[in-house]
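The following exercises practise the reading of a protein model. Each task is followed by a solution in steps.

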Amino acid sequence: DKLDYLQDLGINGLYLTPIFRAPSNHKYDTTDYYEVDPNFGDKALFRSFVEEAHKRGMRVMLDAVFNHIGAESTQWSDVAEYQEESRYKDWFFIKEFPVPSAEEIRATPPETIEHVENLPYETYAYVPMMPKINTHNPEVQEYLLNIATYWIKEFNIDGWRLDVSPEVWPDFWRQYRKMIKTANPEGIMIAECWDDSREWLTQGDMFDATMHYVLSRNIWNRFCHHKISLEQFDSCLNRSLMLYPERINQVLWTFLGSHDTARLRTRAGGDLRMLHAASFFQFTFPGAPIIYYGDELG
């Protein structure tokens, strides 16, 4: 419904956080990677959305959550039911049995369910509902690569943003790149990496770019929090530019806010001068500027 509005803004790419079936509001606890969550619509609507975006010269990128999966998924449910006899037990990093089902996790008192460090299995950020996937496992690799290929071939999406990329086995990303470039030579891979990303970018065998958190933190510290002087800011900018070759600097995602951070206007304490100054800097510094939805109204 808002594609014409976005086109008028000059937007030429759309990145969606997870759209796949999942029980939470954030959808990073995937239940089924092959289904659009009914909160958002269905496959027919998504197909129409991609087609309409392409008509306007916009690329569409989806969020691949391949470091972990939801506890309501078929795979984890099977492990919870059959424990050591489950065919999926090697899909996860299980320290000891038994492991809990999604229902048992939800029955845990709220004060202990959010971040539990002594779980019998590895998770994302100690969150019990998000068991970590073993991307060393060839069956897991095939499963995830097939998912990525499916959405490229069936719905003509233009690429993937890869969640928690540094915590996934690097060789899996090398396989992923070969898959993407075969399915769509113009398809791109963007890493979610919050720090120095040279090992993921400079060899040309994994990601095309990353979310430039190194730059974002410096912008926040200068324009919003006023923690660093102009000289310190200049030094930080020089360091961020020297991390990568020029070809990479030109395509790094520069952003001022995301689904994982506070709104820019909130960071700036409501000071619109700082919001405007940070935005002006973002759009004149090397990189690909990304706007978190709604920030253009700030």
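**Exercise 1. A cis peptide bond**

In which loop is Pro98 found? Describe also the peptide bond that leads to this residue.

Solution. The model to be read here is a predicted one.
Step 1. Pro98 belongs to the loop that runs between helix 3 (74-82) and helix 4 (102-106).
Step 2. The peptide bond from Phe97 to Pro98 is cis. Its omega angle is near 0 degrees.

**Exercise 2. The order of the strands**

What is the order of the strands in the open sheet of five strands? Identify the edge strands and examine the neighbours of strand 4.

Solution.
Step 1. The open sheet has the order 1-4-5-6-7, and its pairing is parallel.
Step 2. Strand 1 and strand 7 (209-210) form the edges, since each of them pairs on one side only.
Step 3. Strand 4 is joined to strand 1 (residues 13-15) by three bridges, and these two strands run parallel. Within this pair, Gly13 stands opposite Arg59, and Leu14 stands opposite Val60.
Step 4. Strand 4 also pairs with strand 5 (residues 159-162), in the parallel sense, over four bridges. Here Asp63 stands opposite Arg161.
Step 5. Strand 4 is mostly covered, as five of its six residues are buried.

**Exercise 3. The surroundings of Met58**

Is Met58 buried or exposed? Locate this residue and list its contacts.

Solution.
Step 1. Met58 lies in the loop between helix 2 (43-55) and strand 4 (59-64).
Step 2. The relative accessibility of Met58 is 1%, and buried means under 20%, so Met58 counts as buried.
Step 3. When residues up to four places away in sequence are not counted, Met58 touches Leu3, Leu6, Gln7, Ile11, Asn12, Gly13, Leu14, Ala53 and Asp158.
Step 4. Tyr82 offers a comparison of sequence and space: Met58 and Tyr82 are 24 residues apart in sequence, and their C-alpha atoms are 46 Å apart.

**Exercise 4. The largest nonpolar core**

How many residues are in the largest nonpolar core, and which of them touch the most other members?

Solution.
Step 1. The largest nonpolar core has 82 residues. Those that touch the most other members are Phe46, Trp151, Ile157, Trp160, Trp173, Tyr176 and Phe207.
Step 2. Helix 6 (residues 138-155) gives the most to this core, namely nine residues.
Step 3. Phe46 may serve as an example. Apart from neighbours within four places in sequence, Phe46 is in contact with Leu16, Ile19, Val36, Leu62, Trp151, Phe155 and Ile157.
Step 4. As a general background, nonpolar side chains tend to be buried together in soluble globular proteins.

**Exercise 5. Positive phi angles**

Which value of phi does Asn156 have, and what is notable about it? Repeat the analysis for His226.

Solution.
Step 1. Asn156 has a positive phi of about 60 degrees, although this residue is not a glycine. Asn156 is placed in the loop between helix 6 and strand 5.
Step 2. His226 likewise is not a glycine, and its phi is positive at about 55 degrees. The loop that holds His226 connects helix 9 (213-224) and helix 10 (230-242).
Step 3. The accessibility classes follow from the values. Asn156 has 45% relative accessibility and therefore counts as partly exposed. His226 has a relative accessible area of 52%; exposed means over 50%, so His226 is exposed.

**Exercise 6. A cavity and a pocket**

Which residues line the largest cavity? Describe the second largest pocket in the manner used for the cavity.

Solution.
Step 1. The count gives one cavity of 30 Å³ or more. The largest cavity holds about 40 Å³ of space.
Step 2. The lining of the largest cavity consists of Ile69, Gln75, Trp91, Phe92, Ile133, Val140 and Tyr143. By class, six are nonpolar, one is polar and none is charged.
Step 3. The second largest pocket contains about 180 Å³ of space. Its lining has 13 residues, and Ser279, Gln282, Ile291, Asp295 and Glu296 lie nearest its centre.
Step 4. Helix 13 (residues 272-284) supplies the largest share of the lining of this pocket, five residues. By class, the lining of the pocket divides into seven nonpolar, four polar and two charged residues.

How values were computed. Residues numbered from 1 in each chain as written. Predicted model: local features only at pLDDT ≥ 70, side-chain atom pairs only at ≥ 80, totals over all residues. Heavy atoms only, no water. 1 Å grid on protein atoms, 1.4 Å probe; cavity = no way out; pocket = protein on both sides within 12 Å on 5 of 7 lines; lining within 4 Å. Points joined across faces, edges and corners; volume = space filled by probe spheres on them. Nonpolar A, V, L, I, M, F, W, Y, C, P; charged D, E, K, R; others polar. Buried < 20%, exposed > 50% of the residue type's maximum accessible area, 1.4 Å probe, protein only. Contact = heavy atoms within 4.5 Å. Core = buried A, V, L, I, M, F, W, Y, C linked by side-chain atoms within 4.5 Å. Pairing = 2+ DSSP bridges.
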